[in-house]
Amino acid sequence: MLNVFYFLSFLAVLSAIMVVVSKSPVHSVLYLIITFFTIAGHYVLLNAEFLFIVHIIVYAGAIMVLFLYVIMMLNLNIETEPHKSTMLKFAATICAGLLLVVLVGSLKGTETLAVNAVSDPDLGSVQRLGKVMFDEFLLPFEISSVLLLAAMVGAVMLGKSEKANDIL
């Protein structure tokens, strides 16, 4: 089990690096799909089958199709890409380093949380997720559903043509 974790982690980090290093945007998206599948494999190792399925459907399915669609519509060429100055690259490197320091600092002391989470075999089950969602987080869940409904109605109203309003 530990070897599978190490293999998935190595593959996730390697494919994430390839997302950044790859010259072609389509290849970057394909490496990102590999990264998403390896992260989904970690959910299986944690006995969180529901999160595994949702992760595959939402991220590796819908989001990646959207990314590929946008990349194909933008028609990115190397000739049209503006060249970055050395000062801008240096500033980006400093910002990335500061972000790394903040992330390491925020994760300090979480080792005990990880040990407690792994010791609970019922942690990622659908039953436990439903119980927590409808017991402790019922109000935020209902508020988000009303917001999504309002957004859907707004999108339908914005997408409606003017001629359809004249007929009604």
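**Exercise 1. The nonpolar core**

Which residues make up the largest nonpolar core? Determine also which elements give two or more residues to this core.

*Solution.* The model examined here is a predicted one.

Step 1. The largest nonpolar core has 7 residues in all: Val29, Leu32, Ile33, Phe36, Ala60, Met64 and Ile71.

Step 2. Two elements give two or more residues to this core, namely helix H2 (25–45) and helix H3 (49–74). With 4 residues, H2 gives the most.

Step 3. Consider Met64, a member of the core. Not counting residues up to four places away in sequence, Met64 touches Val29, Leu32, Ile33, Phe36 and Tyr59.

Step 4. As general background, nonpolar side chains in soluble globular proteins tend to be buried together.

**Exercise 2. The faces of helix H1**

Establish whether the span of helix H1 agrees with its number of residues, and locate its buried and exposed residues.

*Solution.*

Step 1. Helix H1 covers residues 2–21, which is 20 residues. At 1.5 Å a residue the helix should span 28 Å, and its end C-alpha atoms are indeed 28 Å apart, so the two values agree.

Step 2. The buried residues of H1 are Leu8, Ala12 and Ser15. Seen down the helix axis, these buried residues fall within an arc of 80 degrees and therefore line one face of H1.

Step 3. On the other side of H1, the exposed residues are Leu2, Asn3, Tyr6, Phe10, Val13, Val20 and Val21.

Step 4. H2 is included in what covers the buried residues of H1. Thr35 has its place in helix H2, and its contacts, leaving aside neighbours within four places in sequence, are Ala12, Ser15, Ala16 and Val19. Thr35 counts as buried because its relative accessibility is 8%, under the 20% limit.

**Exercise 3. From H2 to H3**

Describe the backbone of Asn47 and the surroundings of Phe52.

*Solution.*

Step 1. Asn47 is found in the loop between H2 and H3. Its phi is positive, at about 60 degrees, although Asn47 is not a glycine. For comparison, most residues other than glycine have a negative phi.

Step 2. Asn47 has a relative accessibility of 38% and so counts as partly exposed.

Step 3. Phe52 is found in helix H3. At 26% relative accessibility, Phe52 also counts as partly exposed.

Step 4. Leaving aside neighbours within four places in sequence, Phe52 is in contact with Ala40, Gly41, Tyr43 and Val44. Phe52 and Phe37 are 15 residues apart along the chain, and their C-alpha atoms are separated by 9.0 Å.

**Exercise 4. The salt bridge**

State how many salt bridges the structure holds, and explain how the partners are placed in helix H6.

*Solution.*

Step 1. The structure holds 1 salt bridge. Its partners are Asp135 and Lys131, and their closest N and O atoms are 3.0 Å apart. This distance satisfies the requirement of lying within 4 Å.

Step 2. Side chains of opposite charge can pair when their charged atoms come close.

Step 3. Both residues belong to helix H6 (residues 126–135), where they are 4 residues apart and therefore separated by about one helical turn. An α-helix has 3.6 residues a turn, so residues three or four places apart point the same way.

Step 4. Is this pair buried or exposed? Asp135 is exposed, with a relative accessible area of 52%, and Lys131 counts as exposed at 55% relative accessibility.

Notes. Residues numbered from 1 in each chain as written. Predicted model: local features only at pLDDT ≥ 70, side-chain atom pairs only at ≥ 80, totals over all residues. Heavy atoms only, no water. Salt bridge = Lys/Arg side-chain N within 4 Å of Asp/Glu carboxyl O. Buried < 20%, exposed > 50% of the residue type's maximum accessible area, 1.4 Å probe, protein only. Core = buried A, V, L, I, M, F, W, Y, C linked by side-chain atoms within 4.5 Å. Contact = heavy atoms within 4.5 Å. Expected span 1.5 Å × (residues − 1). Arc of directions from axis to C-beta.
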